[in-house]
Amino acid sequence: MVEDEKWQRWNGGWKMTVTGRRKILAFDDTSRRCNGRKDRGWPIFYTNFLVRCLVDSIAVFARDSSALTSITLDGIPLSPKYLNILCSGLKNNEKLMNLSLIRCRIGDVGCDLLLGSLRNSPKVCTLNLSSCRLTNRSAMCLSLFLKRRKADVLQNVWDQSSLQSCERNSNGMPQGLHTLILNRNRKLGDHGVKQLTYALKADSWLKSLSLRDCGITKYGAEMMIRLLQTNNTITKLDLTENRIPINTLQTLLRILKRKREIAENTVLKKRLRFDRRRNVFENDIRGSIKKGGKHFLNGTERFSKYTLHKHRWRRRIQKKVKQTKEMQCVKDKDSYRRKKLCDLETQLLNLIKSNSKLKDELTTNKALLNEEAQQRTKMEDDLQKASLRLNDLRSKVIMLNCLSSKACTESRLLKGLKYIFEKLESFTISKQDDVRQNVLMNTAEPLWSSPLAQGGDCFINCSQRRPYFSTLQITPL
């Protein structure tokens, strides 16, 4: 009937998506397909077909059966379409007392649908929505549900005030919610607790509330302490696995212990009053019978009365024994809890001491670090000053090097000039000496010399003289 089929993973199971025209499969065909897949790693129960069959059967049974009083579903992923089917069956059930949907992942939308369907079921006493991914919105829906349930109960009590109406409709009278379990819904937080406390302040039916691992902090625990101070019916409260300090937990335990003691004392007082009234009534009947002299009881009647009295005494003794055993169990539990609390207190004291030591060490280390930081800042300032001085000295050294190089060049020039001037002086002096000698020679002429001979001598002397520039030697700088 269909052209394309695809199987996809869905929450640990498989989901069939169909494209094209509608496909109508028979029950045998689908069951054969589910049973034929032996290589499947995930359980077959998480398929759409089997979840749909299960939810349909539960809804039909809850709608038609008058003996169903409790429903528990654990780990079944109920999407909104399956939850709508279940809610349609729960709307017409008036005898449901316990409902548990652990790890069904209904979410806020599913919680709203479920609470809307439970308005018509007057006898629901316990509601367990653990690990259902609830948030602040679902806490608000729960508070509205509790307020409406309280209003319905009060209205029915007002309407059925007469004894006859109460006797007639005692089975259909609505009751308040006694136990509410919301464990492991980590997105509830303090805001969700705040919304629940607003609804539970004036509630007189809820006795046990469990909020384990719900992301509650000290603020939410303080709101619960205020709630316990105003509400006298809550005797069991579970706030374990939350981020709550131990001091607030101890205060909560003290308040709950006081409430339990008060409740036990009231129950015992009521029983004693009832027993006293019964004994007084029986004594009055016996006295009236003895005074009238009417001994109309036969042997069988006396024997039946004796057996009834004996059974009553046995029941009373059994009840007392059970009460004593329960008290002993409670005392043992209390002693065990006290020991645990003492151990926890010692551990906490040790932790506090170690923390104080660590704080002292940290303070000393902080002081040392501050001193080292100050010394470092001082050294950095000194280094900056020294760097400035070194830069000045470097500039001065560079200037001195420049001046010294200039002085060296000038000294070399001066030395060259001095050498030149000395040569010039020596040359001039030698020339002057030559000139003087020549003058002397010219002035003192011999008698035997003739002017021609003089001329020839002069020519020879001139030819033998060195040139002027040949004697001058210039040294390089």
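These legends describe close-up views of a predicted model.

**Figure 1. Overview of the predicted protein.** The model is a prediction. The protein has 477 residues, and buried residues make up 26% of them. Its secondary structure comprises twelve helices and eight strands. Contacts between residues at least 6 apart in sequence were examined, and 78% of them join residues at least 24 apart.

**Figure 2. Leu 78 in the largest nonpolar core.** This core holds 61 residues. Leu 78, Ile 106 and Leu 129 touch the most other members. The view centres on Leu 78. Neighbours within four places in sequence are left aside here. Beyond them, Leu 78 is in contact with Val 55, Leu 73, Leu 83, Leu 86 and Leu 101. Cys 104, Arg 105 and Ile 106 complete its list of contacts. Ile 106 thus appears twice in this legend: as a contact of Leu 78, and among the three residues that touch the most other core members.

**Figure 3. Helix 2 against helix 3.** Helix 2 covers residues 48-64, and helix 3 covers residues 80-90. Their axes come within 7 Å. The crossing angle is roughly 15°. An angle under 35 degrees counts as roughly parallel, so helix 2 and helix 3 are roughly parallel to each other. Helix 2 passes helix 3 in a right-handed crossing. From helix 2, the contact uses Asn 48, Val 51, Arg 52, Val 55, Asp 56, Ile 58, Ala 59, Ala 62 and Arg 63. From helix 3, Tyr 82, Ile 85, Leu 86, Gly 89 and Leu 90 take part. By class, this contact has nine nonpolar, two polar and three charged residues. Val 55 and Leu 86, which belong to this contact, are also in contact with Leu 78.

**Figure 4. Helix 3 against helix 4.** Helix 4 spans residues 107-117. The axes of helix 3 and helix 4 lie 9 Å apart. They pack at an angle of about 15°. Helix 3 and helix 4 are therefore roughly parallel to each other. Their crossing is right-handed. Helix 3 contributes Leu 83, Asn 84, Cys 87 and Leu 90. These residues meet Gly 110, Leu 113, Leu 114 and Ser 117 in helix 4. The contact divides into five nonpolar and three polar residues, with no charged ones. Leu 90 of helix 3 takes part here and also in the contact with helix 2.

**Figure 5. Ser 100, a buried serine in a strand.** Ser 100 lies in strand 4, which runs over residues 98-102. Its relative accessible area is 10%. The cut-off for buried is under 20%, so Ser 100 counts as buried. Leaving aside neighbours within four places in sequence, Ser 100 is in contact with Ile 71, Thr 72, Leu 73 and Asn 128. Leu 73 is also a contact of Leu 78.

**Figure 6. Ser 131 and Arg 133 in the loop between strand 5 and helix 5.** Strand 5 covers 126-128, helix 5 covers 136-159, and Ser 131 is found in the loop between them. Arg 133 has its place in the loop between strand 5 and helix 5. Phi of Ser 131 is near 55°. Phi of Arg 133 is near 60°. Each value is positive in a residue other than glycine. Arg 133 has a relative accessible area of 57%. The cut-off for exposed is over 50%, so Arg 133 counts as exposed.

**Figure 7. Helix 7 against helix 8.** Helix 7 covers residues 189-200, and helix 8 covers residues 218-230. The two pack at an angle of about 10°. Their axes are 9 Å apart. Helix 7 and helix 8 are therefore roughly parallel to each other. Helix 7 brings Asp 190, Val 193, Lys 194, Thr 197 and Leu 200 to the contact. Helix 8 brings Tyr 219, Gly 220, Met 223, Met 224 and Leu 227. By class, the contact of helix 7 with helix 8 has six nonpolar, two polar and two charged residues.

**Figure 8. Leu 237 and its contacts.** Leu 237 sits in strand 8, residues 236-238. Its relative accessibility is 15%, so Leu 237 counts as buried. Not counting residues up to four places away in sequence, Leu 237 touches Leu 209, Met 224, Leu 228, Leu 252 and Leu 256. Leu 237 and Met 224 are 13 residues apart in sequence. Their C-alpha atoms are 9.3 Å apart in space. Met 224 of helix 8 also takes part in the contact with helix 7.

Definitions and conventions: Residues are numbered from 1 along each chain as its sequence is written. This is a predicted model: local features need pLDDT of at least 70, side-chain atom pairs count only at pLDDT 80 or more; totals for chains, interfaces and linings use all residues. Side-chain values use heavy atoms; hydrogens and water are left out. A nonpolar core is a set of buried Ala, Val, Leu, Ile, Met, Phe, Trp, Tyr and Cys residues joined through side-chain atoms within 4.5 Å. Buried means under 20% relative accessible area, exposed over 50%, partly exposed in between (1.4 Å probe, protein chains only). Contact means heavy atoms within 4.5 Å. Axes are lines fitted to C-alpha atoms, for helices over the stretch in contact, and angles run from 0 to 180 degrees between N-to-C directions. Helices (H or I, at least four residues) and strands (E, at least two) are DSSP runs, numbered from the N terminus. Angles under 35 degrees count as roughly parallel, over 145 as roughly antiparallel, 65 to 115 as roughly perpendicular and the rest as oblique. A crossing is left-handed if the near helix is turned anticlockwise from the far one by less than a right angle, and right-handed if clockwise. Ala, Val, Leu, Ile, Met, Phe, Trp, Tyr, Cys and Pro count as nonpolar, Asp, Glu, Lys and Arg as charged, and the others, Gly among them, as polar.
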